[in-house]
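The exercises below treat the contacts between a protein and nucleic acid strands, each with a worked solution. Please look through the sequence and the model before starting.

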There are 2 protein chains.
Amino acid sequence: MSTLRGTAPAGVPDTVVPAESHSKADRAYQALIEGIQQGRFAPGSRLVLAQLAEELGMSVVPVREAIRRLQHDDLVSYERNVGATVVGVDPEEYRYTMETLALVEGFSTAQCAPLVTAGELERARVINARMRALLDDFDPVEFTALNKEFHSTLFEHHQNPHILDLVHRGWNRLTALRSSTFAHVPGRAPQSVAEHDQLLDLIAAGAPFQDIETAARQHRANTLAAYMDTMAPADQH
Amino acid sequence: MSTLRGTAPAGVPDTVVPAESHSKADRAYQALIEGIQQGRFAPGSRLVLAQLAEELGMSVVPVREAIRRLQHDDLVSYERNVGATVVGVDPEEYRYTMETLALVEGFSTAQCAPLVTAGELERARVINARMRALLDDFDPVEFTALNKEFHSTLFEHHQNPHILDLVHRGWNRLTALRSSTFAHVPGRAPQSVAEHDQLLDLIAAGAPFQDIETAARQHRANTLAAYMDTMAPADQH
DNA sequence: TCACCACAGATCGTATACGATTTCGCGCGG
DNA sequence: CCGCGCGAAATCGTATACGATCTGTGGTGA
């Protein structure tokens, strides 16, 4: 991540990309990742180089590179001499992703906590309030966006760019998985908002590293558990 | 990682690569990663596509792909229209790597712990004994190799391939950094071996998740701290 | 009827070619 | 003597072309 040009950091959609990333490969990557996250490419569907190249108005070479990046991000699966397919939402894969995210996000949150300013805390509370307001008439996409924004606020003073990159990759993967099948786990949202507040309280109180890490990690783990509970009965008929 | 072909998973050198990975890009990647880890490419030196292509007896296209993979692994830094340079041993970068490794390796160790068999524990003890035997007439390369083998043994029953992949990437990066400048932190090796034994004791005793995670994480953190202590005075003259 | 082989279509992997961008040194003017 | 702009060399980015490999289909023989 630290080795990437500042303009297009690992495809993080938060930062506005300067319109023309001045590299066809970058544009292809952006286009594909958006397409996947918006569900325009169904999971399991094949990504054919020549076809995509024509759609994007470029040669296959940049497309190829973009696809290999997506492979690194675990957003597509690739087989030599066969091609790439959009990764599905195997519940097991979801577990891997959430677990990894819980790990890195938890650590990162704890590491950033002492450096979070009062202003940032306040901003996070405002965002969380907007999330709470959204609970009634629920919009998963908007909610997810706010969720990203919330956690981003706490990462303002990131200490370790490697870990921050892992967090971003986890988010990307998550949106890709989420948008493609399940809208959301019912009833999880309110608790999520509540946990956000608890987390902010911990940070405000200057709680020890481990407490914050555990709380942040548990926050993700709870979502995962809720998903598993919802899915498991339906899965093993 | 799970999306990679089984034969060449993210350049992990543990698994024997079937001689011909039957992909020039793969061969180039292997060759470059070895070259970097063995210090054949000095840190900071440029990796010129055409030049490497000729050395490896292939066109620039596979080389280019290999370099982008290395970029993803944070082994080279890349600048558009300029080229790739082997990543240096910036102490800060070392910190990032070790910190990340402490995080993912700690978690992975704790997660695998309950599944480690008695046989594997015994094997780990044997490996650690060999490391202890090596303490007298010290060989950093051999020691590092055994260290990898030791931790690999504990990962036999990995639960989360994503995290396992992160561990492997950390190891790769670490060998690359280590081989290029500092042989080792003096005096750290004996303590490292001792900590290994403590870790094995915890696992054997069926200690709770968090205890094992903390111990494994601390194991890396201690190495990092030792390095920082050694480096800091020498660095700021 | 079923298994197997051969062939054709589709798709990828790599080589080569050329335009685009950057870097560096040289000469000019102050 | 030093700063500045210009031009050539080096290097990368992308397009196009072709050979290699896989997949599916149809036909043949048991």
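**Exercise 1.** Which polar backbone atom lies 2.6 Å from a phosphate oxygen of DNA strand C?

*Solution.* The model is predicted, so that local features need pLDDT of at least 70 and side-chain atom pairs count only at pLDDT 80 or more, while totals for chains, interfaces and linings use all residues; side-chain values use heavy atoms, with hydrogens and water left out. Residues are numbered from 1 along each chain as its sequence is written, and chains are lettered from A and ligands numbered from 1 in the order in which they are written. The atom belongs to B:Lys24, whose backbone makes this polar contact (a pair of N or O atoms within 3.5 Å; within protein, one must be able to donate a hydrogen and the other to accept it, and residues adjacent in sequence count only if both atoms are side-chain atoms).

**Exercise 2.** Describe the surroundings of DNA strand C, beginning with the residues that come nearest.

*Solution.* Step one is the list of residues near the strand (a heavy atom within 4 Å of it): there are 19, of which A:Arg64, A:Tyr78, B:Lys24, B:Ser59 and B:Asn81 come nearest. Of the strand atoms that come within 4 Å of the protein, sugar and phosphate account for 89%. Step two turns to individual atoms: the side chain of A:Tyr78 places an N or O atom 2.8 Å from a phosphate oxygen, whereas the side chain of B:Asn81 has one 3.4 Å from a sugar or linking oxygen.

**Exercise 3.** Which residues are closest to DNA strand D, and which polar contacts can be listed for B:Leu49 and B:Asn81?

*Solution.* Among the 19 residues that surround DNA strand D, the closest are A:Lys24, A:Ser59, A:Asn81, B:Arg64 and B:Tyr78. Sugar and phosphate make up 90% of the atoms of this strand that come within 4 Å of the protein. A backbone N or O atom of B:Leu49 is 3.3 Å from a phosphate oxygen of the strand, and a polar backbone atom of B:Asn81 lies 3.3 Å from a sugar or linking oxygen.

**Exercise 4.** By what turn and shift can chain B be laid on chain A?

*Solution.* A turn of 180° with a shift of 0.0 Å along the axis lays chain B on chain A with an RMSD of 0.1 Å (a least-squares superposition on the C-alpha atoms of residues with pLDDT of at least 70 in both). The two copies are therefore related as by a two-fold rotation axis.
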